[in-house]
Amino acid sequence: MLGCPTKGCYDSAGFTHVKLIQNYINGKFVGSKREFADLNPADGSVIAQVAEADRDQVDAGVQAARRALYGEWAKVSVRERAGLLQRVAEGIESRFDWFVAAEVADTGKPITLASRLDIPRAAANFRVFADLLKTAGLESFQTETPDGKRALNYAVRKPLGVVGIITPWNLPLLLLTWKVAPALACGNSVVVKPSEETPATATLLAEVMQQAGIPDGVYNVVHGFGPNSAGEFLTQHPDINAVTFTGESETGAAIMKTVATSVKPVSFELGGKNAAIVFADCEFEETVAGISEAVFTNTGQVCLCAERVYVERAIFERFVQALKQKAENLRLGPPLEKTTELGPLISAQHREKVLSHYRRAREEGAVTVTGGGIPEFGSSLDDGFYVQPTIYTGLKESARCVKEEIFGPVCHVAPFDNEEEAVSMSNDTRYGLAASVWTSNLKRGHRVAQQINVGITWVNCWFLRDLRTPFGGVGLSGIGREGGVHSLNFYSELNNICIRL
Ligand code: NAD
Ligand code: 6OD
């Protein structure tokens, strides 16, 4: 296993013993002068120590990535690159149980969720861009010149260079590979800074990269925090060519300021305060199940989760009671238990943030339909960061709990009287990531979906992804689109060539 420092940390039975998770620079695993603890959110125990990259190590990562751009990597043909990405996907699949165990230990998410969503999607991210790479075309125009002759314009793609990739803790490997795969597909080299809360799978991926034959320096991992740590050292670095970031809107704003002076391209996938609109003509049971999933998946820690649910008045009371039932039936428990549906929040600090929103909701006049506190287990899970799935009603649309992203297992349900009102309430936000519309009238589904100011609207479903489609947000929810050819466009420079014929 080439001495990977994460080897032995995780196996299919879960975490086995404490290890040091190291940085990965120029094809080597390296420690640092400073270390920090990686905690298991399910019981607060220490999983591993993590080497925090200092400024010199971030620089070493960037310089390794820069050298890689002009080395062996530059000579790899498109077909070979696609083959390498496929091998990375196979490498993830062949270590499936390790990746699942590492992700579960770091995040506390249920093993069933990591096995169904996070790790398969990570492999799929590499496959989709491997396939796209072989088929994506480019525009060309035959142009009439002023003197009646002709010219031919065509564009070619070039790598951007060294891409800095900074990712959050909620879907660690899924979101990291969503950016690494297209960046490598376009011939770039990358320095990734995974969340300090979830350092493991980015490091396991380094081992996969080595074994797949990705040249040294093409994929580098630096661990640490944001301000005055590896995240900021990376975004401040003069030799990176672009930054792609997923995380909070405020962090996106800070990164934008940092890179503004050197005018670097950015792609930002940021927060959301997503609406779900439920019409009285919806398939009732399917919709209740769909909304429960949209609110509570990953303990509400998905940027696409619905925190505002608008329900047509005719079915409002019945719907609230049915959703309450669903919430109360959700099984909170140990992440490795196959029957567990809801794990903890990521950290004590994040739980305090969510609980402060719960308190504020009550101060703002909310009616607590269910939840609102901390569950009791009578076991070591009481040292973990669990909260109850929670539903509120009765808040004004101007309440802070209706306006601000909470990022927990919680929603506010409000009634509406007509389509226009539902659209207007949904659009009354500074965010604009995702929405869902639930109706058996497809004409209305189209009509409403087209009026909502977001990057993606689902009709009678939620988080159903086709990786070729544009993904991103408007307003505070982000800048740019990734997915399919949109990713290729961000991760490459287009050079137009005009030939007078
Ligand atoms: P965060 O913004 O706190 O941290 C994300 C990453 O940025 C971490 O790696 C962190 O260390 C780093 N970072 C923090 N400050 C930095 C700085 N000044 N410079 C450079 N790097 C810095 O986000 P989080 O708490 O990890 O994740 C939750 C947030 O992410 C939520 O707001 C959620 O909505 C959002 N999110 C959005 C999407 C999307 O696709 N739109 C997906 C997942 C999560
Ligand atoms: O599915 C995706 O590609 C994606 N970026 C999902 C983001 C989820 C946010 O937590």
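The following exchange concerns a predicted model of a protein with two ligands.

Reader: What radius of gyration does the protein have, and what would be expected of a compact globule with 501 residues?

Author: The C-alpha atoms fill a box of roughly 70 × 65 × 40 Å along the principal axes. For 501 residues, a compact globule would have a radius of gyration near 23 Å. The value for the protein agrees with this expectation, as it is 23 Å.

Reader: How many helices and strands are there in the protein?

Author: The secondary structure contains both kinds of element. The count gives 16 helices, and for strands it gives 23.

Reader: Where does ligand 1 sit, and which elements give two or more residues to the shell around ligand 1?

Author: Ligand 1 occupies the largest pocket. Two or more residues of the shell come from each of three elements, namely α8 (230-236), β13 (242-246) and α9 (249-260).

Reader: Which residues come nearest to ligand 1, and how many residues of each class does the shell around ligand 1 have?

Author: There are 29 residues around ligand 1, and those that come nearest are Lys193, Glu196, Thr251, Leu270 and Glu405. Sorted by class, the shell around ligand 1 has 6 charged, 9 polar and 14 nonpolar residues.

Reader: Which glutamate has a polar side-chain atom 2.5 Å from an oxygen atom of ligand 1, and what percentage of the accessible area of ligand 1 does the protein cover?

Author: The backbone of glutamate 248 places a polar atom 2.9 Å from an oxygen atom of ligand 1. The side chain of glutamate 269 has an N or O atom 3.2 Å from an oxygen atom of this ligand. The distance of 2.5 Å belongs to a polar side-chain atom of glutamate 405. On its own, ligand 1 has 850 Å² of accessible area, and the part covered by the protein is 92%.

Reader: Where does ligand 2 sit, and how many nonpolar, polar and charged residues does its shell have?

Author: Ligand 2 lies in the largest cavity. The residues that surround ligand 2 include Arg121, Leu171, Trp178, Val302 and Phe463. By class, the shell has 8 nonpolar, 1 polar and 3 charged residues.

Reader: Which residue has a backbone N or O atom 2.8 Å from an oxygen atom of ligand 2, and how much of the area of ligand 2 does the protein bury?

Author: A polar atom in the side chain of asparagine 170 is 2.8 Å from an oxygen atom of ligand 2, and one in the side chain of glutamate 269 is 3.3 Å from a nitrogen atom of ligand 2. The backbone atom in question belongs to cysteine 303. Ligand 2 taken alone exposes 310 Å², and the share buried by the protein is 99%.

Key: Residues are numbered from 1 along each chain as its sequence is written. Chains are lettered from A and ligands numbered from 1 in the order in which they are written. This is a predicted model: local features need pLDDT of at least 70, side-chain atom pairs count only at pLDDT 80 or more; totals for chains, interfaces and linings use all residues. Side-chain values use heavy atoms; hydrogens and water are left out. A residue is near a molecule or strand if one of its heavy atoms lies within 4 Å of it. A polar contact is a pair of N or O atoms within 3.5 Å; within protein, one must be able to donate a hydrogen and the other to accept it, and residues adjacent in sequence count only if both atoms are side-chain atoms. Accessible areas come from the Shrake-Rupley method with a 1.4 Å probe; for residues, only the protein chains shown count as cover. On a 1 Å grid over the protein atoms alone, a cavity is a set of points where a 1.4 Å probe fits but cannot get out, and a pocket is an open set with protein on both sides within 12 Å along at least five of seven lines; lining residues have an atom within 4 Å of a point. A molecule sits in a cavity or pocket if more than half of its atoms lie within 2 Å of its grid points. Helices (H or I, at least four residues) and strands (E, at least two) are DSSP runs, numbered from the N terminus. Ala, Val, Leu, Ile, Met, Phe, Trp, Tyr, Cys and Pro count as nonpolar, Asp, Glu, Lys and Arg as charged, and the others, Gly among them, as polar. The radius of gyration is taken over C-alpha atoms; the globule rule is 2.2 Å times the number of residues to the power 0.38.
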